[in-house]
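Q: Could you take a close look at one part of this structure, the region that carries the annotated binding site, and describe its surroundings in connected prose?

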Amino acid sequence: MALPLATAEACDANPHLISNGDLRALQPIFQIYGRRQVFSGPIVTLKVFEDNVLIREFLEERGNGRVLVVDGGASLRCAILGGNPVQQAQNNGWAGIVINGCIRDVDEINGCDIGVRALASHPMKAYKKGIGEKHVPINIAGTRICDGEWLYADTDGILISRSELSV
């Protein structure tokens, strides 16, 4: 797992990466969940809509310090992530999960030692059709994100970098 890196300091120290687009900040639309407020790691991308089957499949794999970034179409009609998969992600070594959509089981998620960001919470569960796209470029919070890039999150926000930043 990468060492903690303050997002504000990373921005201040890397103006050249910001100007050439190698370092981007997500728009501040995400709520902070989970016990790990600071997390980072290589990104795995997933695109789904109101369906959580592929999310669960990913989180059943070994995380190896990676961050799952899910474009859920910004749907506010149901939750695509709940407490059980987050518990599994924690146990499987995922550093964090960013959901462009909703979660549920907030109290359970807040008890897990993992970083979670989502737009909001919602009590209704998602469909289970298994439809979506893995490892594809996604666009969330004003930023294009590609599989294999790096994510850095703390209480100031979320940064996306084309490569791992040095501390």
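A: What follows is an account of the annotated positions, then of the helix that carries some of them, and then of a few side-chain features elsewhere.

The model is a predicted one, and the annotations discussed here come from an unreviewed UniProt entry. Under the name "binding site", UniProt lists Gly-82, Gly-83, Asn-84, Pro-85 and Arg-104. Although these positions are spread over 23 residues of sequence, they cluster in space, with a largest C-alpha distance of 10.9 Å. UniProt also places a "binding site" feature, again from an unreviewed entry, at Asp-105.

Two of the listed residues, Asn-84 and Pro-85, can be considered side by side. Asn-84 lies in helix H4, which spans residues 83-91, and Pro-85 is found in helix H4 as well. Their exposure can be given in turn: Asn-84 has a relative accessible area of 54% and is therefore exposed, the cut-off being over 50%, whereas Pro-85, with a relative accessible area of 4%, is buried, because that value falls under 20%. When residues up to four places away in sequence are not counted, Asn-84 touches Arg-56 and Glu-108; with such neighbours likewise left aside, Pro-85 is in contact with Arg-56 and Leu-59. Arg-56 thus appears among the contacts of Asn-84 and among those of Pro-85.

Asp-105 is found in the loop between E6 and H5, and at 35% relative accessibility it counts as partly exposed. Not counting residues up to four places away in sequence, Asp-105 touches Gly-82 and Gly-83, and both of these glycines are included in the list that UniProt gives for "binding site".

The helix itself deserves a separate description. The buried residues of H4 are Gly-83, Pro-85, Val-86 and Ala-89. They lie on the same side of H4, because they cover an arc of only 165° around the axis. These buried residues pack against helix H3 (53-60), strand E5 (79-81), strand E6 (96-103), helix H5 (106-110) and strand E7 (115-121). H4 is followed by Gly-93, a residue whose phi is positive, near 85°.

A bench reader may also wish to know about the cysteines. A disulfide is a covalent bond between the sulfur atoms of two cysteines, and the structure holds 0 disulfides. For Cys-78, the closest cysteine sulfur is that of Cys-102, at 7.5 Å, which is too far for a bond; Cys-78 counts as buried, at 6% relative accessibility. For Cys-146, the closest cysteine sulfur is in Cys-11, at 19 Å, again too far for a bond, and Cys-146 counts as partly exposed, at 25% relative accessibility.

Finally, there are the aromatic side chains. The structure holds 1 aromatic pair, formed by Trp-150 and Tyr-152, which are stacked at 6.2 Å centre to centre with 20° between the planes. Trp-150 is buried, and so is Tyr-152. Lysines also lie over aromatic rings: Lys-129 is over the face of Tyr-127, at 5.1 Å from the ring centre, while Lys-134 is over the face of Phe-58, at 5.5 Å from the ring centre.

Methods. Residues are numbered from 1 along each chain as its sequence is written. This is a predicted model: local features need pLDDT of at least 70, side-chain atom pairs count only at pLDDT 80 or more; totals for chains, interfaces and linings use all residues. Side-chain values use heavy atoms; hydrogens and water are left out. UniProt positions are given in the numbering used here, feature names are shortened, and annotations may be inferred rather than shown by experiment. Helices (H or I, at least four residues) and strands (E, at least two) are DSSP runs, numbered from the N terminus. Buried means under 20% relative accessible area, exposed over 50%, partly exposed in between (1.4 Å probe, protein chains only). Contact means heavy atoms within 4.5 Å. A disulfide is a pair of cysteine sulfur atoms within 2.5 Å. The arc is that of the directions from the helix axis to the C-beta atoms. Rings of Phe, Tyr and Trp (its six-membered ring) pair if their centres lie within 6.5 Å; planes under 30 degrees apart count as stacked, over 60 as edge-to-face and the rest as tilted. A charge sits over a ring if NZ of Lys or CZ of Arg is within 6 Å of the ring centre and within 35 degrees of the ring normal.
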